[in-house]
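Okay, thanks for coming, everyone. Let me put the model up, and then I'll talk you through it.

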Amino acid sequence: MSEGAIAITGIGVISPYGAGLESMQSALLAGRCCLEPCSGYYPGFAGSVAAVRDLPRVEFRADFRLSRTDHLAVLAGQDALISLGGRCAGLTDAGVVMATTVAGLSEIEPEIVHDPAGWYRRGGLARAASYPVAHVADALGESLGVSGPRCAVTVACASGAMSIALAANMLLDGVADVMLAGGSDALCPFTLSGFGALQALDASPCRPFDKSRAGLNLGEGAAVLVIETFQHAWARHAPIFAMLRGWAMTNDAYHPTAPHEQGAGLAACMTSAMGMAHTRPDDIGYVNAHGTGTPLNDAAETKAYEAAFRHRSRPIPVSSTKSYFGHCLGAAGALEAAVTICAIRAGALFPTLRLSDPIDSPAVDWLRDAPRRQPLPLAMSVSAGFGGSNAALIFGEAAV
Amino acid sequence: MTANAPAIIGIGSVTPYGVLAGPIVPGPLQPRPIAAWPVAGVRWAYLVEPFRATDAVPGLKTRRLDRLSVWSLVAASLAVRDAGLDLGQVDRSRAAVVFGTCLGCIELTEAFFRGAANHGWQGTDPILFPETLGNAPASHVARCLDLRGPNITVGSKGWAAECALLHAASLLRHGQADLAVVLAGDTLTRASYEWYEAAGWLADDSGFIPSEGVTAVVLMAGRTPHSYATVSAGQFASSPEPVSRGLGDAGGLLRLVLSLSAAKGPGSRPMELP
C-alpha cells in the first residue's frame, strides 16, 4: 500500500432513511425511494423532497445553539463513532473538515431585513450564531470532544466531496493523524425558494439521465467519514471500510450556474483523479454520478463521461442515487461517497430509479431497474456545483 | 528557507486603505461614520470607499454581483497584475483559487431575504440566488481569469484567511496546482453590523471597530523570479473564540500583507512566514 493511501475507518450517516450506513444500504438495495410531497414539510412549496423524519434529540451545551444543519452533522458524527466499534484511539486530536452550503440559513427569518436589531432582540441573536459555515465544523468538533484543527468548506454542491479531498491533503501534510470529513445540509425555505425561482425543481420525483428529466428534488442529511493514513490505521489495527485511492478538484471557469456544455472541467477532474490513483479507465467499475436530473447538468455530465472514459474498452456503469433521496447540496458529495463505499462493500451497483429512456450515449452503461451484483474493486464518486466546481473521489476495496 | 516552499509573488487588495496592486503602505486609518443604512446617532466602521471596478480593472463586468464578489474580482486581478504574470503563459488547468470568508455574500443574501419578506418565498429573485452562495466570489474569479484548477471556499472561525492560505500551499505542495490565487474577505452590512452590536462586541471600552475588505495574494510553487515571502510552514488550529472578528475573516490575510509591506517591498530577499 502506498504511503499516500488514505484509509476510511469509520462512516456515519444520517439520511432520510434514518441513522446508519446499514439502513441506507439496505434501502438502496431494496430500491426504496424516500421522496415525498414537499407540502407535508414546507407548506406553500410544491414538488418533492427527501426529509429526515423525527430527528433524534442530541444532548449538547446549552450555550451552543444547533441549527438543523448542525444537528444533522452531530448525529452523523455520533454514528461515525459507533462505526468505529470502540476503536477510538487518536480521535481526541482529530481534525474536522465539514462541508455545508445552508449552514444556519434555516435559522434566519426574512423579517431580519426590516429591523435586524429588533430581530436579534427577539431571540435572533442566538440563532444567528449558527449562520457562518464554520459553525457546522465547530458543532461536530465540540459535540465529539475532538480538539484538532477545524474548517468548513462551502463550494456549492461539490462541497461534500471536496471536504474529503481537503481532509486527505491535511493527512498527507501531517496536520493530524485522524480527520473527520463530510458534509451536512438541511432543507430550508431559502434553498427551496431559490431553486424554485430558478425553475430547477421537478414537481415529481426526479428522473436523472432520463430524456424526460425535468429538474432536481432537494433532500437533507449528513455523512461523516473517519479517515487516516493507511499506516496509522494499520498501526492501530483499525478495521478499514475502504481506501480513498485518488481525488481531484477542478473548475469549469465557464458560467455562474451552468456546467460546461462538453463537461470539460468534470472530465479533467475524473482524469486527474484516475492519474492520482494510478488507475486506468478500465479499472473503474462504477461511477456514482452527480446526476441531479436537470436538463443541463445531466447532458454535460454524460459528455464528461464520454471524454474521461473514451479509452475504456466497454461502457462505464453509471447511476445517480439522487433518484432515491434527492440532492442534499453540501452533504451530497459526502453521502454519495458513503453510497459508493456501500457499493464496493456490498458488491452491488445501485440503479438509477425511474430511468426508462436514458440519454443516448455509447460510452455509458446506464444502471437501471435492479441492483447489479458484481465484485467492485474500484469505484468513483463525482460531484459538481454552481460556480463550475467539480470534485472526483476514487474509492477501492480495503484489500486492493 | 524550506526548499520549494510556495512563494507569494503578487498582492492585490480592496480595503479601507484603498484599491491597491502591491504592498499596502501601513499607516493610520480613520473610521468613517456609517451612512449606508439608518443608524441611531453616529456609528463608526473602517469602510471600503465606493469605487468603480472598471477604473481598477478595465472591462470587468460586475453587474448584479455581491460586493464581496466584485472586490474579489478586483483584488485577484490586481494581485495577478502585481505578480507580473502573463496568464497566457500559465497552464490554467493547474491554477487554483482558494477563498476564505466568515459570512460570505451577505449583501445579496439579505436582498434575497428582502424579496421573501416583501413578496413571500414564491416571489424571490432567481438572479440573486446563485450570487448568495459562499463560493460565488471564488467562482467569479475563476471564470474571469480562466483559472480551471481547484476552486475552494473555506470558513473557519476567526482564521478563514490563514486556512485558505494553508490549503492553497497544500495544493501546491502536493502537485495539485502550480499556482493559486488566495483571497480572504468579508463585507459589512446592516445586519452584520447590528449583529456585532447586539452581541456587545462593539462596546466602547472593550469592543472593536468593524471593518471590511478583500485581500488577495498569488502563491506560486517552485523557484520564482521575485517574491514577497514564502510559506514555509503553518499549522491549522481550532479556535473556540474568534481571533480576528474586528476585521471579519479578511483580517488574517490583510494583517499578513500589512506585515509584509512594512517589512519589505518586492524584489528583495524573500521572508519566511512561520
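I'll go through chain B, then the contact between the chains, then some spots in chain A.

Some housekeeping before that: this is a predicted model, so to speak of local features we need pLDDT of at least 70, side-chain atom pairs count only at pLDDT 80 or more, and totals for chains, interfaces and linings use all residues. Residues are numbered from 1 along each chain as its sequence is written, and chains are lettered from A and ligands numbered from 1 in the order in which they are written.

Right, chain B. Its secondary structure comes to eight helices and ten strands; those are DSSP runs, helices being H or I with at least four residues and strands being E with at least two, numbered from the N terminus. Of the 274 residues in chain B, 57% are buried. Buried here is a neighbour count: 20 or more other C-beta atoms within 10 Å of the residue's own, against 12 or fewer for exposed and partly exposed in between, with C-beta atoms placed from the backbone. As for contacts in chain B with a separation of 6 or more, 80% are between residues 24 or more positions apart. A contact is two C-beta atoms, again placed from the backbone, within 7 Å.

Have a look at strand E1 of chain B, residues 7–15. Nine of its nine residues are buried, so the rest of the structure largely encloses it. Who does E1(B) pair with? One partner is strand E8 (residues 213–220), antiparallel over seven bridges, where B:Gly12 has B:Ala216 as its bridge partner. For pairing, DSSP has to find at least two bridges between the strands. E1(B) also pairs with strand E9 (residues 229–231), antiparallel over two bridges, and there B:Ile8 is matched with B:Ala229. Then there's strand E2, residues 18–21, joined to E1(B) by four antiparallel bridges. B:Val14 sits across from B:Val19 in that pair, and the two strands make a hairpin with two residues between them.

Next, helix H2 of chain B, residues 67–83. The expected span is 1.5 Å times one less than the number of residues; for these 17 residues that gives 24 Å, and the end C-alpha atoms are 24 Å apart, so the two agree. Of those 17 residues, 16 are buried. Just after H2(B) comes B:Gly84, with a positive phi of about 70 degrees.

Now, how do the chains meet? On the chain B side 47 residues are in contact with 55 residues of chain A. H7(B) contributes the most to that side, with six residues. By type, the chain B side has 23 nonpolar, 14 polar and ten charged residues. In that tally Ala, Val, Leu, Ile, Met, Phe, Trp, Tyr, Cys and Pro are nonpolar, Asp, Glu, Lys and Arg are charged, and the others, Gly among them, are polar. There's strand pairing across the chains too: two bridges join E6 of chain A (residues 150–153) to E6(B), running antiparallel. A:Ala152 faces B:Gly155 there.

Over to chain A, and a helix crossing. The axes of H5(A) (residues 159–172) and H11(A) (residues 332–346) come within 4 Å and cross at roughly 70 degrees. Those axes are lines fitted to C-alpha atoms, for helices over the stretch in contact, and angles run from 0 to 180 degrees between N-to-C directions. The residues of this contact split into seven nonpolar, four polar and no charged.

One glycine I like is A:Gly326, in the loop between H10 (322–325) and H11 of chain A. Buried or exposed? It counts as buried, because it has 31 C-beta neighbours inside 10 Å. Beyond its neighbours within four places in sequence, A:Gly326 has contacts including A:Leu35, A:Val49 and A:Asn217.

Last stop, strand E16 of chain A, residues 378–384. Seven of its seven residues are buried. On one side sit A:Leu378, A:Met380, A:Val382 and A:Ala384, on the other A:Ala379, A:Ser381 and A:Ser383, so to speak a strand covered on both faces. E16(A) runs parallel to E11(A) (residues 287–288), with two bridges, and A:Val287 stands opposite A:Met380. With E17(A), residues 389–396, E16(A) pairs antiparallel over seven bridges. In the hairpin of E16(A) and E17(A), with four residues between the strands, A:Gly387 takes a positive phi near 90 degrees.
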